[in-house]
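Good morning, colleagues. Please bring up the sequence and the coordinates before I begin.

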Amino acid sequence: MEHPENDSQYTGLTVNSGVVQPPSVNPYLVRRQRRPLPSAGELAEGILKGDITTLSRAVTLVESLHPDHQAVAQEVIEKCLPYSGNSRRIGITGVPGAGKSTSIDVFGLHVLKDGGKLAVLAIDPSSERTKGSILGDKTRMEKLAVHPDAFIRPSPSAGSLGGVARKTRETIVLCEAAGFNNIFVETVGVGQSETAVHSMVDFFLLIQLAGTGDELQGIKRGIMEMADGIVINKADGDNVHRAQLAMAQFKSALQLFPPTASGWVPEVLTYSGYYELGIPEVWDMIDRYFAFVKSTGYFETKRNNQARYWMYETIDEKLRSRFYNDHDVRDLLEDNERRVLENRLSSFIAARNVLDFYFNKEGK
């Protein structure tokens with residue numbers, strides 16, 4: 001008996017059979033067909049018209065690792081390349097907590113007041129454990145996120161800064177073709193990403209805070225040498241005096257560095273991103289920089305050097321990828337690695353064995 005409580009001996013006690021459970025899947029659900037992949041011509045046409053949806057889809061293809069997506073993406077980039085190059089590319093970096101996103105929000109609004117369009121490409125750090133990213137830059141750029149002339153695109157670093165940097169450079173080409181004449185590239189923070197971003201922008205802005213000790217210890221000397229301008233954030237309230245002191249210390253530190261390749265002398269300014277103080281002065285400095293490098297011819301020289309750099313970087317990446325993805329090479333690598341760890345073979349001979357095998361295989 002299903003329910004012994006319903007037996008006649010339990011008079012007055014009744015247990016209902018219950019409600020039939022509904023199916024776990026909605027019977028009225030209509031599965032949407034995945035949209036077919038548009039052609040490179042259709043994507044390029046939409047980008048040149050300034051269509052944000054098409055631009056976003058093209059950037060997704062650029063970031064994809066799927067071979068078919070990569071093939072279409074490269075064709076789109078080739079079609080858009082003649083329409084690129086007409087923007088100011090500005091890299092923005094700084095220590096975590098320096099207020100990069102807040103500053104980009106107010107810098108962007110200041111730029112858009114004069115017309116034009118702004119694209120913000122933010123490289124978001126990925127977890128080394130889960131490989132996931134928060135991609136929360138839009139939440140920190142509240143005003144730009146809803147501005148009709150702004151496009152914010154966070155990209156996960158996914159543990160490979162070289163790869164994401166190359167994709168960011170390709171995204172710059174697409175954004176410029178879509179009519180964005182101002183490009184901001186925000187880095188994940190202080191680290192190797194600065195070198196990659198510096199190789200794709202015209203102006204490199206370093207955001208600092210007062211009282212961090214960096215101006216005296218020189219722990220970020222490499223980054224300071226790359227900076228075309230240093231700005232000290234949070235110069236408001238009781239912090240104004242400390243910000244002014246930090247500005248003087250940074251100016252003194254910069255005098256110890258060798259002259260820049262452009263001949264430009266980096267400037268140091270203070271401002272407050274939260275209270276929007278000193279923003280026009282920061283942008284006037286950037287305007288002076290562009291006027292200077294264009295008058296000397298360094299602007300074109302730098303862009304040509306960057307194009308050459310990324311050509312060789314792409315060659316290195318493709319060669320490395322092809323080498324390590326070769327199944328025979330991977331088997332030989334495991335064997336030689338084991339022999340090295342057992343002290344039966346030196347590291348150099350093991351490397352030569354693998355390379356000789358690969359070169360002979362490629363030569364056949």
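I shall speak about one strand and its partners, then a helix, a pocket and two loop residues.

Please keep in mind throughout that this is a predicted model.

I begin with strand β1, which runs over residues 88–94. Of its 7 residues, 6 are buried, so the strand is mostly covered by the definition of under 20% relative accessible area. Which strands pair with β1? One is β4, residues 182–186, joined to β1 in the parallel sense over 5 bridges. Within that pairing, G91 stands opposite V185 of β4. Another is β5, residues 203–208, and here too the pairing with β1 is parallel, over 5 bridges. In this case T93 has L206 of β5 as its bridge partner.

Next, helix α4, which covers residues 100–112. Its 13 residues, at 1.5 Å a residue, should span 18 Å, and the C-alpha atoms at its ends are indeed 18 Å apart, so expectation and model agree. How is α4 placed with respect to the rest of the structure? Because 11 of its 13 residues are buried, the rest of the structure largely encloses the helix. Among the buried residues are the charged K100 and D105, together with I104, F107 and L112.

I turn now to the second largest pocket. Its space amounts to about 560 Å³. The lining consists of 26 residues, and those nearest the centre are E225, P259, T260, A261 and P266. Three helices each supply at least two lining residues: α10 (221–226), α11 (240–254) and α13 (298–324). Which element gives the largest share of the lining? That is α13, with 5 residues. Sorted by class, the lining comprises 14 nonpolar, 8 polar and 4 charged residues.

Finally, two backbone conformations deserve a comment. Most residues other than glycine have a negative phi. K234, however, has a positive phi, near 65°. This lysine is found in the loop between β6 (229–232) and α11. Is K234 buried or exposed? With a relative accessible area of 36%, K234 is partly exposed, because that value falls between the 20% and 50% cut-offs.

The second case is E276, whose phi is also positive, about 60°, although the residue is not a glycine. E276 lies in the loop between β7 (267–270) and α12 (279–296). Its relative accessible area is 42%, so E276 is likewise partly exposed.

Thank you for your attention.

Technical notes: Residues are numbered from 1 along each chain as its sequence is written. This is a predicted model: local features need pLDDT of at least 70, side-chain atom pairs count only at pLDDT 80 or more; totals for chains, interfaces and linings use all residues. Side-chain values use heavy atoms; hydrogens and water are left out. Buried means under 20% relative accessible area, exposed over 50%, partly exposed in between (1.4 Å probe, protein chains only). Helices (H or I, at least four residues) and strands (E, at least two) are DSSP runs, numbered from the N terminus. Two strands pair if DSSP finds at least two bridges between them. The expected span of a helix is 1.5 Å times one less than its number of residues. On a 1 Å grid over the protein atoms alone, a cavity is a set of points where a 1.4 Å probe fits but cannot get out, and a pocket is an open set with protein on both sides within 12 Å along at least five of seven lines; lining residues have an atom within 4 Å of a point. Grid points are joined across faces, edges and corners, and a volume is the space filled by probe spheres set on the points.
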